[in-house]
Amino acid sequence: MKINAFADVSLRALLVLAAAPDGELVTTQSIADAVGTPYNHVSKAMAKLRTLGMIDVERGRNGGSRLSTAGRTATVGQLLRQLDTRLDPADCMATGRTCPLITECRLRAALARAREAFYRELDGIEIASLPTARQMAPVFEAIGMRPGL
């Protein structure tokens, strides 16, 4: 199973926020620098994470983002379900055409069950539990912060 690039960036951003010292605000630019992803991509991910209630945002000169209470307890499976924009796991209904085998296809249903099993396996992993001090120390050092782990 493969997650899309948007979900990947979103998870990376949440890992940075989960490792930040409690209550400390982290700018979107700092997150982009930390995860090695263009600012525009991270900005879109942050907007979606805010909409989902995963992060709290404070605007202004000293503003930034922090993991919300819901974000601290969210699981990887929950988040990926919310970020998965593919309605069809096998692209059976590609733009402008439909697979002629779709009416009796058992493969499509099996792929949908496999995707749900993938998410279910990730339901036991809280996002906030993923980052470690050893993993995040060089990341935070690169952006001039100290991890809060």
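Met 54 sits in the loop that runs between helix H3 (39-51) and strand E1 (55-58). The model discussed here is a predicted one. Within it, Met 54 has a relative accessible area of 6% and is therefore buried, since residues under 20% are placed in that class. Setting aside the neighbours within four places in sequence, the residues in contact with Met 54 are Leu 14, Leu 49, Leu 67, Ser 68, Ala 70, Gly 71, Ala 74, Leu 79 and Gln 82. One of these, Ala 70, lies 16 residues from Met 54 along the chain, and the C-alpha atoms of the two residues are separated by 5.7 Å.

The charged side chains offer another way through the structure. Side chains of opposite charge can pair when their charged atoms come close. The structure holds 6 salt bridges, and several of them are described here in turn.

One salt bridge joins the side chains of Asp 8 and Arg 12, with a distance of 2.9 Å from N to O. Both residues belong to helix H1 (residues 5-19), and because they are 4 residues apart there, about one helical turn separates them. Asp 8 is partly exposed, with a relative accessible area of 28%. Arg 12 is likewise counted as partly exposed, at 33% relative accessibility.

A further salt bridge is formed by Asp 22 and Arg 72, whose closest N and O atoms are 3.4 Å apart. This pair links distant parts of the chain: Asp 22 is in the loop between H1 and helix H2 (28-35), Arg 72 is in helix H4 (residues 69-73), and the two are 50 residues apart. What is the exposure of each partner? Asp 22 has a relative accessible area of 70% and is exposed, because the value is over 50%. Arg 72 has a relative accessibility of 28% and counts as partly exposed.

Asp 123 and Arg 81 also meet through their side chains in a salt bridge, at 2.8 Å from N to O. Asp 123 is found in the loop between helix H6 (106-122) and helix H7 (133-142), while Arg 81 is in helix H5 (residues 76-83), so the salt bridge ties together parts that lie 42 residues apart in sequence. Asp 123 is partly exposed, with a relative accessible area of 26%, and Arg 81 is partly exposed at 29% relative accessibility. Which residues make up the network to which this pair belongs? Arg 81, Glu 116 and Asp 123 are joined into one network by salt bridges that share partners.

The empty space in the model can be considered next. Rolling a probe the size of a water molecule over the atoms shows where empty space is left. The largest pocket has a volume of about 280 Å³. Its lining consists of 16 residues, and those nearest the centre of the pocket are Thr 28, Val 57, Arg 59, Gly 64 and Ser 65. H3, E1 and strand E2 (64-67) each supply at least two residues of this lining, and H3 gives the most, with 5 residues. By class, the lining of the largest pocket divides into 6 nonpolar, 7 polar and 3 charged residues.

In addition, a search of the whole structure finds 2 cavities of 30 Å³ or more. The largest cavity holds about 80 Å³ of space. Its lining is made up of Met 1, Lys 2, Ile 3, Asn 4, Ala 7, Leu 80, Leu 83, Asp 84, Arg 86, Phe 118 and Tyr 119. H5 and H6 each supply at least two of the lining residues. The lining of the largest cavity divides into 7 nonpolar, 1 polar and 3 charged residues.

The second largest cavity has a volume of about 40 Å³. Among the residues that line this cavity are Asp 22 and Arg 72, the partners of a salt bridge described above. The other lining residues are Leu 17, Ala 20, Pro 21, Gly 23, Glu 24, Ser 65, Arg 66 and Leu 67. Which element supplies the largest share of this lining? The largest share, 3 residues, comes from E2. By class, the lining of the second largest cavity has 4 nonpolar, 2 polar and 4 charged residues. Leu 67, which belongs to this lining, is also in contact with the buried Met 54.

Key. Residues numbered from 1 in each chain as written. Heavy atoms only, no water. Buried < 20%, exposed > 50% of the residue type's maximum accessible area, 1.4 Å probe, protein only. Contact = heavy atoms within 4.5 Å. Salt bridge = Lys/Arg side-chain N within 4 Å of Asp/Glu carboxyl O. 1 Å grid on protein atoms, 1.4 Å probe; cavity = no way out; pocket = protein on both sides within 12 Å on 5 of 7 lines; lining within 4 Å. Points joined across faces, edges and corners; volume = space filled by probe spheres on them. Nonpolar A, V, L, I, M, F, W, Y, C, P; charged D, E, K, R; others polar.
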